[in-house]
Amino acid sequence: MSDYRNDVEELEAKSATAARLFDIRRIIGGLFVVYGIIVTIAGITASDADLEKAQDININLWTGLGMLALGLFFLVWLKLRPTAPPTPTTPATPDAPPAPPAE
């Protein structure tokens, strides 16, 4: 019975790690930061002809900075409020089957 309990605890730990790894805030924040860097570089290197097309507004620069800010917001949010690991359910008696997960 102790081997079974150790296996269950090990799987719960792996599940919690996977949940934190694939948190949607990490994915969204990372993508916005990467795309924000690319668009900001495009805005910094914009030519006069590009600026003239956009009525002298460097839209790539402003959009890239906005994307960077949003991406950093998501990553800071993830750092400050990490995903809570699921609470393990323990059976009342050693022979009882485990309780179904809460929905």
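Gln55 sits in the loop that links helix 3 (48-53) to helix 4, and Asp56 has its place in that loop between helix 3 and helix 4 too. Keep in mind that this is a predicted model. What makes the pair worth a look is the backbone: Gln55 is not a glycine, yet its phi is positive, about 55°. Asp56, likewise a residue other than glycine, has a positive phi near 60°. As a rule, most residues other than glycine have a negative phi.

How much of these side chains and their backbone is open to the outside? Gln55 has 69% relative accessibility, so it counts as exposed. Asp56 comes in at 66%, so it counts as exposed as well. Here are the two loop residues, with two others that turn up below:

| Residue | Relative accessibility | Class |
|---|---|---|
| Gln55 | 69% | exposed |
| Asp56 | 66% | exposed |
| Lys79 | 69% | exposed |
| Asp23 | 10% | buried |

After the loop comes helix 4, which covers residues 59-80. Helix 4 has 22 residues and spans 31 Å from its first C-alpha to its last, close to the 32 Å expected at 1.5 Å a residue. Which of its residues are buried? In helix 4 they are Gly64, Met67, Leu68, Gly71, Phe74 and Leu78. These residues take up an arc of only 125° around the axis, so they lie on the same side of helix 4. The general background is handy here: an α-helix has 3.6 residues a turn, so residues three or four places apart point the same way. What does the buried set pack against? The buried residues of helix 4 pack against helix 2. Turn to the other side of helix 4 and you find Trp62 and Leu80, which are exposed.

Lys79 also belongs to helix 4, and Lys79 is exposed, at 69% relative accessible area. Its C-alpha lies 9.9 Å from that of Arg25, although 54 residues separate the two along the chain.

Arg25 leads us to Asp23, since the side chains of Asp23 and Arg25 are joined by a polar contact of 2.7 Å. Asp23 is found in the loop between helix 1 (2-21) and helix 2 (24-44). Is this loop residue buried or exposed? With 10% relative accessibility, which is under the 20% cut-off, Asp23 counts as buried. And what does Asp23 touch, leaving aside neighbours within four places in sequence? Its contacts are Leu78 and Thr83. Leu78 is one of the buried residues of helix 4.

How values were computed
Residues numbered from 1 in each chain as written. Predicted model: local features only at pLDDT ≥ 70, side-chain atom pairs only at ≥ 80, totals over all residues. Heavy atoms only, no water. Helix = DSSP H or I, 4+ residues; strand = E, 2+ residues; numbered from the N terminus. Buried < 20%, exposed > 50% of the residue type's maximum accessible area, 1.4 Å probe, protein only. Polar contact = N/O pair within 3.5 Å; in protein donor to acceptor, adjacent residues only side chain to side chain. Contact = heavy atoms within 4.5 Å. Expected span 1.5 Å × (residues − 1). Arc of directions from axis to C-beta.
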